[in-house]
Amino acid sequence: MHYGGDYNPEQWPESVWPQDVARMREAGVTMVSLGIFSWSRIQPAEGEFDFAWLDRVIDLLHEGGIAVDLATATASPPPWMHEHYPDVLPVTAQGVMLGPGSRQHYAPSSPTYRRLAGDLVAALAQRYVDHPAVVMWHVNNEYGCHVHEDHSENAQRAFREWLERRYGTVDALNEAWGTAFWSQRYTGFGQVRTPAAAPYSHNPGQLLDFKRFTSDMLLECYLMEKEILLEAGAKQPITTNFMGAFKPANYRQWVAHLDVVTDDCYPDPNDAESFRDAAFQRDLVRSLKPHVPWLLMEQASNALNWRPSNAPKAPGQMEALSWQAVGRGADGVLFFQWRQSRAGAEKFHSAMLPHAGTDTRTWREVVRLGRDLATLPELPAGQAGARVALVFDWEAWWAIESPDHPHNGIDYLAIIQRWYRALHRAHVAVDIVGPDQVHDRYQLAFAPLLYLLTDSGAQALTSFVDGGGHLVAGPFTDVVDARDQFRDGGYLTQLRDTLGVTVEDFGALVSPGGGPGESEARASGACGDFTGGFLAEEVHAGGADVVAEFTTGRRHGDAALTRNVHGAGVGWYLATVPDEAGVDTLVRHFLDDAGVAPVLGGVPAHVDVSTRGDVVTLINFGSAAVTVDVQGQDLLADAPVTSVTLAPFGVAVVRRQR
Ligand code: GLA
């Protein structure tokens, strides 16, 4: 179990470093991420390296028994780079060049940036690849976190090359993008540009490919560095830190190239329900690389600096959120950062060692958590044994949030998280997977808003139901193919037989307060009553049973929820986006119908329950104490228990008796 944080010793005089190491030992720190923003210190000029200070820091940490997750330091280029190579800077869709003075001011597709970053990585690797303190390589930092897309001339060239690799001929590109529309037909790749500012809507195929390209450019940067590390003989695991459900980077494609998934997570302490979205993020990163424990690479010990208002965490809240990560498969808890900065944009951001010193609640909590983590026995790897899959797909996300749809206010992630929260309140273990990963390990799979459905995804969902799985699909699902084009034969062409319905119209509703027209559609049936928004589709049940009908508005009396027995399984189709209460009602019904049991029964909704092999973690995120029956060995108290009483933010980690 690793414990620690980002360590930025270059911000401090050398006399502070030994104190840092002593304090780290006091806090139970086992590993720090070193050098993430040290480029200008390591390389004061092109071709000139200063490693002496870094040698001393690494040796000092090593003598103190602290392992090093060594960063490649390429996340924030030094001032000499843009001085000599201004073309490395990224450009927004509006044509604004993003200048230096902050961080991440580089175009991922810039050959100059890649060459210079590569030089730095090669020099670092050569020097430290065999250093016994270095146990992991931390490539770059949060790829794309600030620069979500780039329209520089480097990007123009790289986008054309990427398209040429993908399509081979310009005719194939024209076909994929449907450029017969609006006179967009290209006669050469040289005519194609990134979808930057334009008079009106862009070609949706082009938008989708630009998203793919952007994710690929960032991944290429990672792979370039990884290759250099491996060539230098790196034996340590190599990683880069993820940001959960981060739209610009399709982590599901990246993950094969990471030895260990590491993730940064910053739930808002002002939001009493943010722990559920944090749980979603943990389950997502756990599901990205099953069987391999992941690391919580960054979180805050207390307040942040970057929200409009940065509330402190409540007493115990940081520890509760840390245990949530461990319960959901993390083998390490780390922070941004070790010592609070005294200068710079993040000086108000909390740290393990606060500016106010060690006589602080933050420090006491940090020390206590370090001690508690150290008492844990080895935990089983990150499998939750989930029987429920929630489909969350980057390509569907990109495509559904393209403009010019029946309803243009759909926030894909927010709706997926709405379903997750209902499953979380029901204390059911959930894997968060791509459509291709839905298979017979699961009993029940949810695929809401799977607007873009690939052939292979459709095949996986179809055989899942054929083989006995229960699939909940819709609305606005199976609408387009991987090019964002309609398939022949209407909508729902791939899942029609499985679901036993056809979709005639999407029946857009207005957003609440969004002007005249219906903003919600109520429905009622054997599953209970629920209210939907965004869409009230016109669905015709072929072989499927109508389980709920719309009871209001223009769809009054029509199917709102259908159930189709197909093969050995069941295909549900939902014709609207249920609100939070509706999702709760429906989730209960679907779980019952599929016979899925909670991890633990009789637990209040605000208690977070997770499993990791035979270990169950219970965390009380409510404001009153609760007692929960659970039998086994309490690993923190090292005592057998038949029930645990949890104060607010109280935690129990229990190895269950078989
Ligand atoms: C990100 C970055 C860190 C730091 C934190 C602040 O996660 O990786 O360098 O800026 O945010 O919350």
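## Salt bridges in and around helix α8

R212 and D209 pair through their side chains in a salt bridge, with N and O 2.9 Å apart. This is a predicted model. The two residues sit three places apart in helix α8, so about one helical turn separates them. Neither partner is open to the surface: R212 counts as buried because its relative accessibility is 7%, and D209 is buried as well, with a relative accessible area of 1%.

A second salt bridge joins the side chains of R114 and E220, at 2.7 Å from N to O. This pair links distant parts of the chain, since R114 belongs to helix α5 (residues 111–128) and E220 to helix α8, 106 residues apart. R114 counts as buried at 18% relative accessibility, a value under the 20% cut-off. E220, at 27%, counts as partly exposed.

## Other charged pairs

Side chains of opposite charge can pair when their charged atoms come close. How many salt bridges does the model contain? The count comes to 39.

One of them is formed by E520 and R522, whose closest N and O atoms are 2.9 Å apart. Both partners are partly exposed: E520 has a relative accessible area of 34%, and R522 has 43% relative accessibility. Elsewhere, salt bridges that share partners join E273, R276, D277, R421, R425, E580 and D584 into one network.

## Helix α7 and the loop after it

Which residues of α7 are buried? They are V170, L173, N174, A176 and W177. Viewed down the axis of α7, these buried residues fall within an arc of 165°, so they line one face of the helix. The cover over them includes α6 (153–167) and α8.

G178 follows α7 and has a positive phi, near 60°. F181 is placed in the loop between α7 (170–177) and α8 (204–231). With 49% relative accessibility, F181 counts as partly exposed, because the exposed class begins over 50%. Together with W182 and Y200, F181 forms a nonpolar patch on the surface, and the accessible area of the three is about 400 Å².

## Backbone geometry in loops

Two cis peptide bonds can be described. The bond from F336 to Q337 is cis, with omega near 0°; Q337 lies in the loop between β9 (330–335) and α12 (361–375). The bond from G474 to P475 is also cis, with omega near -5°. P475 is found in the loop between β13 (470–473) and α16 (496–499).

Positive phi values occur at A73 and H291, neither of which is glycine. For A73, phi is near 65°, and the residue lies in the loop between β3 (67–71) and α4 (79–84). For H291, phi is near 75°, and the residue lies in the loop between α10 (274–288) and β8 (294–298). Are these two loop residues buried or exposed? A73 is buried, with a relative accessible area of 1%, whereas H291 counts as exposed at 56% relative accessibility.

## Contacts of N250 and E538

N250 is located in the loop between β6 (241–242) and α9 (251–254). At 5% relative accessibility, N250 counts as buried. Setting aside residues up to four places away in sequence, N250 touches S215, W394, E395 and W398.

E538 is in strand β17 (residues 538–541). E538 counts as buried, with 18% relative accessibility. Apart from neighbours within four places in sequence, E538 is in contact with T502, V503, E504, D505 and R555. The C-alpha atoms of E538 and A575 are 7.4 Å apart in space, while the two residues are 37 apart in sequence.

## Cysteines

How many disulfides are there? The count is zero. C145 is in no disulfide, and the nearest cysteine sulfur, that of C221, is 13 Å away. A disulfide needs the two sulfur atoms within 2.5 Å, so C145 and C221 do not qualify.

C145 counts as buried at 15% relative accessibility. C527 also counts as buried, at 6%.

Definitions and conventions. Residues numbered from 1 in each chain as written. Predicted model: local features only at pLDDT ≥ 70, side-chain atom pairs only at ≥ 80, totals over all residues. Heavy atoms only, no water. Patch = residues over 30% accessible without salt bridge, like charges linked within 9 Å, V, L, I, M, F, W, Y side chains within 5 Å. Areas by Shrake-Rupley, 256 points an atom, 1.4 Å probe, with all protein chains shown as cover. Salt bridge = Lys/Arg side-chain N within 4 Å of Asp/Glu carboxyl O. Helix = DSSP H or I, 4+ residues; strand = E, 2+ residues; numbered from the N terminus. Buried < 20%, exposed > 50% of the residue type's maximum accessible area, 1.4 Å probe, protein only. Arc of directions from axis to C-beta. Contact = heavy atoms within 4.5 Å.
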